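Student: Could we go through some of the labels attached to this model and set each one against its definition?

Tutor: Certainly; let us look at the model first.

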Amino acid sequence: MKKTAAVSITVLYLLYSCVPVPLTGRRQLQLISRGEMLQLGAQSYNNYTEQHQTITGTPEAEMVERVGNNIRLAVEDYLQQQNDIGRLEGYQWQFTLFDDTTVNAWVMPGGRVGINSGILPVAQDETGLAVIMGHEIGHAVAEHANERMSQLLLIQLGGMVLSEALSEHPHITQQLALVAFGVGAQLGILLPYSRLHESEADHLGLIFMAMAGYDPRQAVPFWERMIEMRQVAEPPEFLSTHPSDQERINNIQTIIPEALEYYEN
């Protein structure tokens with residue numbers, strides 16, 4: 001009887017821990033409060049910047065900040081229209097270029113976006129960078145990191161709450177956070193974004209970049225370049241955690257007409 005009651009309480013907890021994703025309305029598991037995620041994101045970002053060299057004052061760094069801020073304004077506009085601007089409460093936007101040849105980009109809760117210099121040749125120009133930025137910010141707005149971190153706490157630490165995990169297993173928890181934020185795989189764990197997460201980030205990203213004035217049709221050649229890179233060389237880290245194939249491009253092409261409505265307006 002006690003075991004049945006415990007299971008029932010757990011099921012109810014999981015059910016009430018589900019929240020809707022913007023645009024798609026899909027309900028997702030979130031076992032961690034938004035405040036805790038923002039704090040974890042800020043701490044993880046500070047730790048990362050202490051260990052990696054940033055690039056400032058160059059045309060490339062200025063482009064990263066410019067594109068990031070353009071999309072930030074679009075996100076705020078979009079969420080205002082959806083009466084969901086409270087989703088950005090506590091955000092501290094930062095758009096940082098890192099001196100790292102790894103082809104990767106990531107975002108942490110709270111709007112901190114990291115762009116590795118190695119991905120800029122694939123982006124080629126500002127619009128290509130907007131595809132990357134829109135996609136990563138789409139992950140942040142959809143709070144995929146919370147969902148992934150919740151899954152990792154369940155799988156790796158038996159469902160331990162975040163504060164307890166940080167207290168009892170601080171190093172492991174910080175490493176799990178980096179995995180959840182898409183920075184890379186640690187501890188032998190690689191939790192790829194699901195196709196569902198990727199589809200949501202692509203959808204939101206196309207809308208955001210279009211609202212920021214970037215042609216969403218350029219997302220197709222960008223992902224084609226990423227796929228070509230995977231075929232001729234070692235898979236870039238950006239693809240190791242971001243599945244990309246012809247099906248993805250087909251899905252993007254179905255979203256482009258909707259995004260073009262925002263672009264043309």
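Tutor: The discussion below concerns a predicted model and turns to helices, a cavity and two loop residues.

Student: How do you know that the span of helix α9 agrees with its number of residues?

Tutor: Helix α9 covers residues 195-211, which is 17 residues. At 1.5 Å a residue the expected span is 24 Å, and the end C-alpha atoms are 24 Å apart, so the two values agree.

Student: What makes α9 mostly covered?

Tutor: The count of buried residues does: 13 of the 17 residues of α9 are buried, where buried means under 20% relative accessible area. Just after this helix, Gly-213 takes a positive phi of about 95°.

Student: What is said of α12 with regard to span and bend?

Tutor: Helix α12, residues 246-264, reaches 26 Å from its first C-alpha to its last, close to the 27 Å expected for its 19 residues. The helix bends by about 40° at Ile-256, and Pro-257 follows within four residues. Among the buried residues of α12 are Ile-252, Ile-255 and Ile-256.

Student: Which elements give two or more residues to the lining of the second largest cavity, and what is its volume?

Tutor: The structure holds 2 cavities of 30 Å³ or more, and the second largest has about 60 Å³ of space. Its lining includes Ala-130, His-135, Asp-202, Leu-206, Trp-223 and Ile-252. The elements that contribute two or more lining residues are α5 (126-141), α9 and α10 (219-232).

Student: How is the lining of that cavity divided by class?

Tutor: The lining of the second largest cavity has 7 nonpolar, 3 polar and 1 charged residues. Gly counts as polar in this scheme, and Gly-134 and Gly-205 are among the lining residues.

Student: Why is Asn-83 called exposed?

Tutor: Its relative accessible area is 72%, and exposed means over 50%; Asn-83 is therefore exposed. Asn-83 lies in the loop between α3 (59-81) and β4 (94-98).

Student: What is the phi of Asn-83?

Tutor: Asn-83 has a positive phi of about 55° although it is not a glycine. Most residues other than glycine have a negative phi.

Student: Why is Gln-124 called exposed, and where is it placed?

Tutor: Gln-124 has a relative accessible area of 57%; the cut-off for exposed is over 50%, so the label applies to Gln-124. Gln-124 is placed in the loop between α4 (120-123) and α5. Phi of Gln-124 is near 75°, a positive value in a residue other than glycine.

Conventions
Residues numbered from 1 in each chain as written. Predicted model: local features only at pLDDT ≥ 70, side-chain atom pairs only at ≥ 80, totals over all residues. Heavy atoms only, no water. Expected span 1.5 Å × (residues − 1). Buried < 20%, exposed > 50% of the residue type's maximum accessible area, 1.4 Å probe, protein only. 1 Å grid on protein atoms, 1.4 Å probe; cavity = no way out; pocket = protein on both sides within 12 Å on 5 of 7 lines; lining within 4 Å. Points joined across faces, edges and corners; volume = space filled by probe spheres on them. Bend = angle between axes of the 7 residues up to and from the residue.
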